[in-house]
Amino acid sequence: MELCNIDDIRAVLGRHGFRFSKSLGQNFLTAAWVPARIAESCGVDEKSCALEVGPGMGCLTEQLSQRADKVCAIELDRALFPVLEETLAHCSNVSIVQGDVLKCDLAGICREQFGDAPVYACANLPYYITTPAISALLASGAFQAITVMVQKEVAERICAPAGTSEYSAFSVYIEYYAKAEILFDVPRDCFIPQPKVDSAVLRLIPRSQPPVPVRDEKLFFSLVKAAFGQRRKTLANALNPVLGGTLGKAGITQLITDCGFDARIRGEKLSFADFAALTELTYERTRA
Ligand code: SAM
């Protein structure tokens with residue numbers, strides 16, 4: 001059985017009376033090169049393990065199983081369990097755990113399944129939970145690398161440089177915790193059912209420290225959130241709800257110019273290092 005062959009997929013799913021759920025983001029891969037390339041580029045080898053989110057009917061799981069010491073796949077939909085039992089019967093190093101990736105203890109599952117071995121996360125993520133799933137994978141601190149397929153636009157937003165229209169608070173959040181890189185694009189006709197958008201495979205390498213030292217993480221993210229929350233406003237106006245009470249309007253403008261920025265700059269122009277500098281000076285002026 002070929003797990004990306006459309007006739008085989010229809011036959012297996014038909015045997016188990018399985019119906020795709022749009023609300024669970026179930027778009028299965030029908031192009032064998034895609035799971036092979038994801039598994040090949042995710043970094044796992046025979047001395048390490050893989051944690052997969054959302055195995056579907058197991059095409060990526062099978063590829064990971066051929067390269068990793070052990071694989072654990074977390075699947076929410078119980079209806080896929082009998083399917084996976086059939087499709088992965090030949091993969092003795094795979095275990096499937098029923099659960100919601102947003103609610104389970106990812107670090108705990110990795111410890112339980114893999115002990116101290118290095119672990120690589122991999123997924124063709126369901127679109128409806130892309131952002132929280134990436135955040136949960138990063139926050140677990142359990143992975144050497146996180147390789148996920150997401151909507152192409154989301155991948156581009158995550159990797160967007162400062163000053164572009166795709167650059168967002170989430171780009172800055174990701175940059176804080178990881179080094180992000182788009183590996184390759186996957187056209188929409190590689191899935192069943194076919195989604196309305198193209199996808200891209202993104203690799204995140206978690207960082208032990210942010211790329212530039214940040215004085216106060218909470219303050220940093222509150223400034224980033226404010227700066228992007230009101231994109232069409234100048235940075236001075238966008239920061240007013242957060243800093244107006246302590247610094248006043250004139251104090252905020254002074255803060256911005258003292259950082260070396262134009263008084264009328266917009267938040268989306270600030271790079272990671274700029275936000276770090278803004279945090280530093282804000283810290284000094286509000287906590288002194
Ligand atoms: N890996 C398969 C493939 O590439 O063909 C399926 C990918 S499909 C885009 C997403 C998978 O994630 C589905 O199997 C779906 O049931 C599962 N899923 C959806 N929400 C989930 C959640 N919150 N936690 C774990 N798995 C979930």
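**Ligand site and pockets**

In the predicted model, 23 residues surround the ligand (a heavy atom within 4 Å of it), and the closest are Gln26, Leu29, Glu75, Asn124 and Tyr128. Local features need pLDDT of at least 70, side-chain atom pairs count only at pLDDT 80 or more, and totals for chains, interfaces and linings use all residues. Residues are numbered from 1 along each chain, and side-chain values use heavy atoms, without hydrogens and water.

By class, this shell holds twelve nonpolar, seven polar and four charged residues, where Ala, Val, Leu, Ile, Met, Phe, Trp, Tyr, Cys and Pro count as nonpolar, Asp, Glu, Lys and Arg as charged, and the others, Gly among them, as polar. A ligand oxygen atom lies 2.9 Å from a polar backbone atom of Leu29. Ligand nitrogen atoms lie 2.9 Å from a polar backbone atom of Gly54 and 3.5 Å from one of Leu76. The protein covers 99% of the 600 Å² of accessible area that the ligand has on its own (Shrake-Rupley method, 1.4 Å probe).

The largest pocket (an open set of points on a 1 Å grid over the protein atoms alone where a 1.4 Å probe fits, with protein on both sides within 12 Å along at least five of seven lines) has a volume of about 420 Å³, taken as the space filled by probe spheres set on the points. Its lining (residues with an atom within 4 Å of a point) comprises 29 residues, with Gly25, Gly54, Glu75, Asn124 and Pro126 nearest the centre. The ligand sits in this pocket, with more than half of its atoms within 2 Å of the grid points.

Definitions and conventions: A polar contact is a pair of N or O atoms within 3.5 Å; within protein, one must be able to donate a hydrogen and the other to accept it, and residues adjacent in sequence count only if both atoms are side-chain atoms.
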